[in-house]
Every structure is written in structure tokens, then in C-alpha cells.
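Okay, thanks for squeezing me in, everyone. Let me put the chain up on the screen, and then I'll talk you through it.

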Amino acid sequence: MSIRTGLASLLTLVALATSAAAQGRIEVLNSRGEIAPLPGTTILSETLDEVAFRRAGSDRTETRPGNRVVRIVYGKGSDSLEQARAAVEAGDLRNAVTLYTTASGETDPPWMAAHALLELAEVHARQGKQGLADARAAAQRFLDQYPDHRLLPDALLALATYAAGLGDGTAADDSVRAVLDLVRDDRITSDWGVRAHL
């Protein structure tokens, strides 16, 4: 095998490995009520009603009803998101805020910006009382930009926590009530009602 052929093979393997690392996995309930994994997926969008994704090697967009999706493993995010998470692990919250802010404006991979906003809110909240207002603003930004996102109940309960920490009991109650309304309307599972009451 020539050096050129060997190098081309190596580059192909590296590209495939990088692509595989960026891929995620969806676990859904099949028609028999069993959890079935769908590996090699990239999430394109996620709402309370459905999750849209593309499988590796395909240009076709597939969807699954939101209430059939048990778990999503997203795969690797952008460099900004991965560096933000590393900064949090290292305790460098100031740098994490900058990186999460950048990631929240990026569109590749498609699922990432919404998640970056919620993680940004959490990082702000970890900075004590002075960070709660920024955390609340980030959570509100999520609600404004992604009002029907699959993580809506997470965002609402986070907003309730931040509002309560700032002494705004009315806003906290409104957010909890919004989660309970989603449960009542069968938009989310009943276990969210327990979380909201807690």
C-alpha cells in the first residue's frame, strides 16, 4: 500500500470517527411498548409534539411523536458548547458564560442553541444571588425563542426557581401553574405534575 493510499484511508477513518462522535441516539417506544434505540441520529428539531431527526448516511428527515421519545443522547455539540461544558467542569464559570452565550446563537448542530440557553441559565444561577437575574433572563429568552420546545417544562421550573430566589413569588407560581396546565392538557407526562408541586 502506498503512502498516499494509506494517508487517504487514515483521513477517511478519522472523518468517519468524527462524524460518529457527532451523532446521537434516540430511544423510542415501539408498537409493543418496548424501548427501541435509533442510533446514528442528528436531532433537527424537538417540540412537545414531535422530534425530527436524520439518520447517518441519509438525507431523509424522520419524526417520532414526542410522547414516544423516552430519551435523547445528542452527541457532540459545537466547539463553543463543548468548551463551555469543560469550563464548567473546571470551575471557570465566567468563561463558561461567554462560551454558552456564543453557543446559544449557533445553528450547527440544529438542536444545540436551545440547550445552550438552558445550560447558560444554570451557570448564571450557580453564581449566587447576583447571577439569578441573569439566569432568569436566559430562561425567559428560552421561553420566548422556543415556546413549544420539548424542554419547555424544564425551562418553566427553572424559571420558577430563579424567580423564587429573587423573591418574586407571583412569577414563580405562574411558571409552576404553566407546567401543571401542560400536564392537565396531556402535553407532557403526569410525573411533571409531581415535580411542579415539589
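I'll start with the overall layout, then go to the core, the aromatic pairs, a few single residues and the pocket.

Some ground rules before that. This is a predicted model, so local features need pLDDT of at least 70 and side-chain atom pairs count only at pLDDT 80 or more, while totals for chains, interfaces and linings use all residues. Residues are numbered from 1 along each chain as its sequence is written, and side-chain values use heavy atoms, with hydrogens and water left out.

So, the layout. The chain has 8 helices and 5 strands; those are DSSP runs numbered from the N terminus, H or I of at least four residues for a helix and E of at least two for a strand. Reading from the N terminus, the order is α-β-β-β-β-β-α-α-α-α-α-α-α. Of the 198 residues, 39% are buried. Buried here means under 20% relative accessible area, exposed means over 50%, and partly exposed is in between, with a 1.4 Å probe and protein chains only. As for contacts, meaning heavy atoms within 4.5 Å, take those with a separation of 6 or more: 47% of them join residues 24 or more positions apart.

Now the core. Which residues touch the most other members of the largest nonpolar core? They are I26, I43, Y100 and F142, in a core of 50 residues. By nonpolar core I mean a set of buried Ala, Val, Leu, Ile, Met, Phe, Trp, Tyr and Cys residues joined through side-chain atoms within 4.5 Å. Helix α4, residues 112-125, gives the largest share of this core, with 8 residues. If you click on I43 and skip neighbours within four places in sequence, its contacts are I26, V51, A52, F53, I72, Y74, P110 and W111.

Just before I43 comes T42, in strand β2, residues 35-46. T42 counts as buried because its relative accessible area is 19%. Beyond four places in sequence, T42 touches Q23, A52, F53, R54 and P110.

You heard Y74 and W111 in that I43 list, and they bring me to the aromatics. The whole structure has 2 aromatic pairs. A pair needs ring centres within 6.5 Å, for Phe, Tyr and Trp with its six-membered ring; planes under 30 degrees apart are stacked, over 60 edge-to-face, and the rest tilted. Y74 and W111 make a tilted pair, 4.8 Å centre to centre with 40° between the planes. Y74 is in the loop between β5 and α2 (79-89), and W111 is in the loop between α3 (93-103) and α4, so this pair ties together parts 37 residues apart in sequence. Both rings belong to buried residues.

The other pair is F142 with Y146, also tilted, at 5.5 Å centre to centre and 45° between the planes. Buried or exposed, what is F142? Buried, because its relative accessible area is 0%, whereas Y146 is partly exposed at 23%.

Next, helix α5, residues 129-145, where you'll find A139. A139 is buried because its relative accessibility is 0%. Its contacts past four places in sequence are A121, A155, L159 and Y162. The C-alpha of A139 is 9.3 Å from that of E119, 20 residues away along the chain. E119 sits in helix α4, and it's a buried one, at 17% relative accessible area. Leaving out the sequence neighbours within four places, E119 is in contact with L81, R85 and Y100.

Two backbone oddities. Most residues other than glycine have a negative phi, and most peptide bonds are trans. Here the bond from D108 to P109 is cis, with omega near 0°, and P109 is in the loop between α3 and α4. D186 isn't a glycine, yet its phi is positive, about 60°. Look for D186 in the loop between α7 (169-184) and α8 (191-197), where it's exposed at 68% relative accessible area.

Last stop, the largest pocket, at about 400 Å³. Of its 15 lining residues, the closest to the centre are G66, V69, R150, T189 and W192. A pocket here is an open set of points on a 1 Å grid over the protein atoms alone, where a 1.4 Å probe fits, with protein on both sides within 12 Å along at least five of seven lines; lining residues have an atom within 4 Å of a point. The points are joined across faces, edges and corners, and the volume is the space filled by probe spheres set on them. Both β5 (69-73) and α6 (152-165) give two or more residues to the lining.

That's my tour, thanks.
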